[in-house]
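These are my notebook entries on one structure. I record what I looked up, topic by topic.

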Amino acid sequence: VAAGTYIPGTNRTDTFQLKSWVGLYGGFNGTENTRDQRDWTNNLSILSGDVLGDDVGFSNNAENVYHVVTSGTNTGIDGFTMRSGNANGSNPDNCGGGLYATAKFVARNCVYCGNVASYGGGGIYDSSADSLVTDSVLCGNSAGYGGGLWWGPMPKQLRSCVIAGNAAHPGGGGMYNRSRYGQVISSTLSGNLASLGGGVLNDSAGVMQLLNCTFSDNRSVAVANANSSAAIMTNCVFWRNSTLEIFNIGSTSEVSHCDVFGGWNGICVSNAGASTTTDGGGNIHGDPLYLGGTNGIWTTNPTFINDRFQSLLCDTNASWIANELQGEFVQPDTNSVLQYLIVSNSAASLAVWGDLQTNTLNGRPYRIHDYHLQSKAGHWESGMGIWTNDAVTSPCIDAGDPASVYTNESAPNG
């Protein structure tokens, strides 16, 4: 599919229905001879639920389709942006504004942004078995449960993804899980918001494995396990997440080789009711020594780029190096926890996924967050494609489980 913006139809029930056993690929400009030549990052193939093309943030969306995309059986979708779904109908049209899935699928290199669901899964609702979402971004979505993602009840996996700037009330700002075995691997969950489980709400006998993940600056609680659920957390960082990092309510968790603010059994880990937290060994509680970030004050209000579904934020006093911020996160207003992934930057401006044009930011303070771990041996700057050496080394480096498979880490690794 060539770059451009496409709508599934003019009725709210219209959707891009994926065909079973067929893969759909975006990111072409029309000159390629092979699929490997496409560039989904710059040639944006956008699947939009905004029928009239008049959305402003989350307003003017009454006519938007319920589900932008609906999966088939054993389908694949790769290299698309799914935006502006509004699943505010009755069941099942209250779930999965961006992607609604009840059958096995694989999604790669996709962005789910600016979608809404009144019940579950603003970005993705997935009740299938053995699905995989990898190398994707879920940002700026909202729902009752699982602002970015809703999982249940069968096994599935999310790998090398970013979940940021999503909101859910009552629970699961980043994601909501009630699957019997859900794996989240090598992913970052930051700047999400919910009444319970800003990062993750694992509920209703859900079972999760969290491996090689970073949880920072979510509100409230990084991971909440409720109603006979269980979570196994290995090689993860839990830092600066509200007043609690891990909260068990009638549930269990095992923590091993993790860096937990206050310690695995400290003041930021709480057990309510018949709950337990088990020490799996190798845990630390030292400052992870993120690269940090910078503060500043915006000098204009955001500009929305509709054909890219990105917002441009400007600070004319900044002097950034081109694309040095790519892959980092910006908190556009320090009075709000929500963060957005930075797509690119120039000397005085940066682009993020989503429509922020209704945000009055001129004169407001912002913060940029870089969750890379500092290392004397070097960390990878993806935006500039270089290794950079630091003055110190994070205590998290080489503190992970030595039995872990290094290929579970995001590339470049090893």
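Entry 1, salt bridges. I count as a salt bridge a side-chain nitrogen of Lys or Arg that lies within 4 Å of a carboxyl oxygen of Asp or Glu. The model is a predicted one. Under this rule I obtained five salt bridges. One of the five pairs Asp50 with Arg83, and its closest N and O atoms are 3.9 Å apart. Asp50 sits in the loop between strand 4 (45–48) and strand 5, whereas Arg83 belongs to strand 7 (residues 80–83), so this pair ties together parts that are 33 residues apart in sequence. As general background, I note that side chains of opposite charge can pair when their charged atoms come close.

Entry 2, the ten-stranded sheet. I looked up the strand order of an open sheet of ten strands and found 2-5-9-13-17-21-25-28-31-34, with parallel pairing. Its edge strands, which pair on one side only, are strand 2 (16–17) and strand 34 (269–272). Within this sheet I examined one pairing in detail. Strand 5 (residues 69–70) runs parallel to strand 9 (residues 99–101), and two bridges connect them. Val69 has Leu99 of strand 9 as its bridge partner.

Entry 3, strands 8, 12 and 16. I then followed a further run of parallel pairings. Strand 8 (residues 86–87) pairs with strand 12 (residues 116–120) over two bridges, in the parallel sense. Here Asn86 is opposite Val116 of strand 12. Strand 12 is in turn joined to strand 16 (residues 142–145) by three bridges, again in parallel. In that pairing Val116 faces Ser142 of strand 16. For reference, strands of a sheet pair through backbone hydrogen bonds, either parallel or antiparallel.

Entry 4, enclosed space. How many cavities of 30 Å³ or more does the model hold? I found one. The largest cavity has about 30 Å³ of space. Its lining consists of Asp55, Gly57, Phe58, Asn61, Asn64, Ser84, Gly85, Gly114 and Val116. Val116 is thus a lining residue as well as the residue opposite Asn86. By class I recorded two nonpolar, six polar and one charged residues in this lining.

Entry 5, an open pocket. I next looked at the second largest pocket, whose volume is about 370 Å³. It is lined by 24 residues, of which Phe58, Leu338, Tyr340, Asp355 and Leu356 are the closest to its centre. The lining comprises eight nonpolar, twelve polar and four charged residues. Phe58 appears in this pocket lining and also in the lining of the largest cavity.

Entry 6, backbone geometry. Most residues other than glycine have a negative phi, and most peptide bonds are trans. I therefore listed departures from this pattern. Gly152 and Pro153 are joined by a cis peptide bond with omega of about -15°. Pro153 is located in the loop between strand 17 (149–151) and strand 18 (156–159). A cis bond also leads from Arg219 to Ser220, where omega is near -10°. Ser220 is in the loop between strand 27 (214–216) and strand 28 (223–226). Ala205, which is not a glycine, has a positive phi of about 65°. The loop that holds Ala205 runs between strand 25 (200–202) and strand 26 (207–211).

Entry 7, surface. I noted a nonpolar surface patch of about 240 Å², made by Ile321, Met384 and Ile386. Ile321 is placed in the loop between strand 39 (310–314) and strand 40 (329–331).

Methods: Residues numbered from 1 in each chain as written. Predicted model: local features only at pLDDT ≥ 70, side-chain atom pairs only at ≥ 80, totals over all residues. Heavy atoms only, no water. Patch = residues over 30% accessible without salt bridge, like charges linked within 9 Å, V, L, I, M, F, W, Y side chains within 5 Å. Areas by Shrake-Rupley, 256 points an atom, 1.4 Å probe, with all protein chains shown as cover. Helix = DSSP H or I, 4+ residues; strand = E, 2+ residues; numbered from the N terminus. Pairing = 2+ DSSP bridges. 1 Å grid on protein atoms, 1.4 Å probe; cavity = no way out; pocket = protein on both sides within 12 Å on 5 of 7 lines; lining within 4 Å. Points joined across faces, edges and corners; volume = space filled by probe spheres on them. Nonpolar A, V, L, I, M, F, W, Y, C, P; charged D, E, K, R; others polar.
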